[in-house]
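Colleague: Hi! I'm new to this one, could you walk me through it?
Modeller: Happy to, here it is.
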Amino acid sequence: MKRWGAMFRKSDILWKQGHFYRKSLVIVLVISCLPTLLVGIGVNWIGVSQLESNVVETRENQVNQSVLRIDDSLTQLEKNATQWAFNQVLGMKLLDLLNFYDYEHIREIFKTLFLLKNSNPLVDEAYLYLDDVHGNLYSDEGGVVVMEEEAERSRFRALLAQPHTTYWLPSFGRFKPAQNGSSPALIYQLPVENGKPVAALIIFLNKGKLLQTIGESFSDGLGSFLMSKNGEWIVTSNAKEPSSWEEELKQAVLAQGNRSGTFSYQGQGEDYSVSYSTFNRLGSNWIYVSIASLSKITSPIVFASRLIYAVSIGGLLAGIIIAILASRKLYEPIRYLTGLFRINRKAAGFRGTAVNEIEFIEKEWKQLMLESESLHELAKRQLPRLREGFLLQLVQGHYYSWTEAEVRQHMQQLGWEMEKSSIAVVLIQLHGVAKLSGRFLEGDRQLISYATSNIIEEAAKSRFPQAEVINFQDLTAGLFLIVPEEYPPEQVKEELNKLAEQLTNVLESIIRMGITVCIGRRTSCVTHIPTVLEETRHTIKNRSIADSRSILDVEDNVIQEPVPVQYPFVLEAELIQAIRAGQPEESLDALERFCYELRQLKGTQSMFTQYILQLLGNVQFGYLKGGYDPYKHAAAANLHVELAGISEPDDAIVWFQNQIIIPYTREVQRLVSTRNEHQKLLIEQMVDLLQRSYHTDISLESCADQYGVNPFTLSRIFKQETGVNFIDYLTELRMVKSKQLLTETDYKINEIAGQVGYQPTYFNRIFKKYEGISPSRYRQLYYKS
């Protein structure tokens, strides 16, 4: 009994001593669980509705972006198709086909339809309907098809009765032999120049590609589709026939009566968000519709809120029970921490057996301070890179959403004194890399840029304490000077001009390249720096390419009056001709004279860039007209980007020689060599055929058909290889055979004429023309008994 009493008294003492802690524990548990419970309620009742509204807003943004994407794609297709519609092949020459058959024109039509079909991934087929007596339909795959059924011909003839010369049809059936169903179609009434159309260019869209352009796809058959304003289907979510579910959604969208919007729709036991937007296509309105399941989007939030309910209630109940039973364990953490302090007292620097938690915290705080100072020193060493990175992002416009105060505060944190200060911008450009041949390699541009930046920074800081340089890695450097606002503009301008003069002298003496320094405007608004820099870049493009060194000022820049265009067309033609002839030396000579002519014009850098880009485009076009592929060696976009970054004629000559002249002329030489071998073999076969078939009714056209060559081309290469034209060669061969028969056989003259491929009367005339005597007289003179 005494033992049990002692234990009871001990338990009672612990209860009294732990009552505050148990009460505190219960309060803490309740406080910690109630917010979770409230969060669950908020998520369930408020979060779901907010999420739905956010989903609606997000869906509308996605639909608007999709509409812009579709509109851009279709607009590009319309522009491309319009260019083809104005092609002379589809112009007034179509009127001639109504009266007579023109093989070359029809071949050009097939070629045009083939190129049009492959010019845009959205195009599936391209037809040309000619409203002549037969109602012919032209296509690159089907050839010329005559519409025998009047109903089919009337359906295509109706295309010419529309009031608009260019329009869209949401769905138009293809010609029956194609068996491809109906597709959206773009119609052009032709000829465009004629008031009364006689033909129609029909461009069918690929539904699959159009669906890919829409770019959205969901499970359960949902997704996106296009329809017209009056409810005609353009493309469904699976590019096939519309489902009953899509028909219901179509009617629901049409019932809204608005151009765009989002509404909720219930179907198949779920809630859906339906977003739609209307856009115009050549006078007709198309509606883009997108569907998303709301229940699937919100189901994770609902499940999480309910789970929070359960965990909060369970935690609250468990906390109450644990609080009652945890009195004896309340001091376990303190005893455990004290034991740890005693074990680690040597590492902590304590003496004796007592452990003072405050001293331990103080020790840890001092350790953190040491680590903080170390990090501060590290950040100080990285400060120049941080500054350059910030300025680079600033001039690129990455801080467009920041206010002036935020940008200045951030610059203050990076160590700049921004109180009552303004920014002056100076742009330095080096040009004439080709003049450094022998001193630097082609890959040393970064080394030149780095050295230039260091020289600029050293010179600038000698005059302006706060000067920062950005190396743009393209032989261009930006200098940003922080100047106190109280400095007079005249004084700042004078110092900037002196700095510009110093930079041109130093850089020219060290690097020996052309230098252009452009002084930009001084601005007190830091957020305007990107605009000021862009204005300075534009001004530097107006420098004269004839000057190796120049100092420009944005404020002194005067817009020059437009001058007459003096483009060296003759030299351009010589360059194109030399490249197409495979002559690298002549091509380089023409290019050098072209650039020399541009330099003599004393135009601006901007004008030079435009002219040299025009030259590149014309060279590629001429190369293409010659039957060669100009895009085989390098991507066209990369060539134009590289050339646009060249500001000096000498650099442009080196670039053109390496990227255009050498690759193009080598390709021409290779193809010409291959072509000559092929021509030689062809003529050998043709001569052999003439030796065997001279007595037949053989002609140049029949040989061209047999070998698959154009008659004009065959005649040209035959004379090139044999030295005589086809008729003379065949006549000479027949004359030799006839003289042999006259002198060695007893055949009659008429029989000999037939054996060498002539009518008797014509044989007598042609023989006398070539030999000067008649066949019978020739036999009398040279007959061998």
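Modeller: Keep in mind that this is a predicted model. A good place to start is strand β1, residues 123–130, which pairs with strand β6, residues 199–205, in the antiparallel sense.
Colleague: Nice. Over how many bridges do β1 and β6 pair?
Modeller: Over seven bridges. One example involves Leu130, whose bridge partner in β6 is Ala199.
Colleague: What order do the strands of the sheet come in?
Modeller: Six strands make up an open sheet, and the order is β3-β2-β1-β6-β5-β4, with antiparallel pairing.
Colleague: Which strands are at the edges?
Modeller: Those are β3 (143–146) and β4 (166–173), and each of them pairs on one side only. On average, neighbouring strands of this sheet are turned by 25° against each other, ignoring direction.
Colleague: And the helices, which strands does α4 lie across?
Modeller: Helix α4, residues 150–157, lies across β1, β2 (136–139), β4 and β6. Its direction is at about 150° to β4.
Colleague: What about α5, which strands does that helix lie across?
Modeller: Helix α5 (residues 207–214) lies across β5 (182–190) and β6, and runs at about 100° to β5.
Colleague: Changing topic: where does Asn471 lie?
Modeller: Asn471 is in strand β13, which covers residues 467–471.
Colleague: Is Asn471 buried or exposed?
Modeller: Asn471 counts as buried because its relative accessible area is 13%, and the cut-off for buried is under 20%.
Colleague: Which residues is Asn471 in contact with, leaving aside neighbours within four places in sequence?
Modeller: Asn471 is then in contact with Glu388, Ser449, Tyr450, Ser453 and Thr476.

Technical notes: Residues numbered from 1 in each chain as written. Predicted model: local features only at pLDDT ≥ 70, side-chain atom pairs only at ≥ 80, totals over all residues. Heavy atoms only, no water. Pairing = 2+ DSSP bridges. Helix = DSSP H or I, 4+ residues; strand = E, 2+ residues; numbered from the N terminus. Axes fitted to C-alpha atoms, helices over the stretch in contact; angles between N-to-C directions. Contact = heavy atoms within 4.5 Å. Buried < 20%, exposed > 50% of the residue type's maximum accessible area, 1.4 Å probe, protein only.
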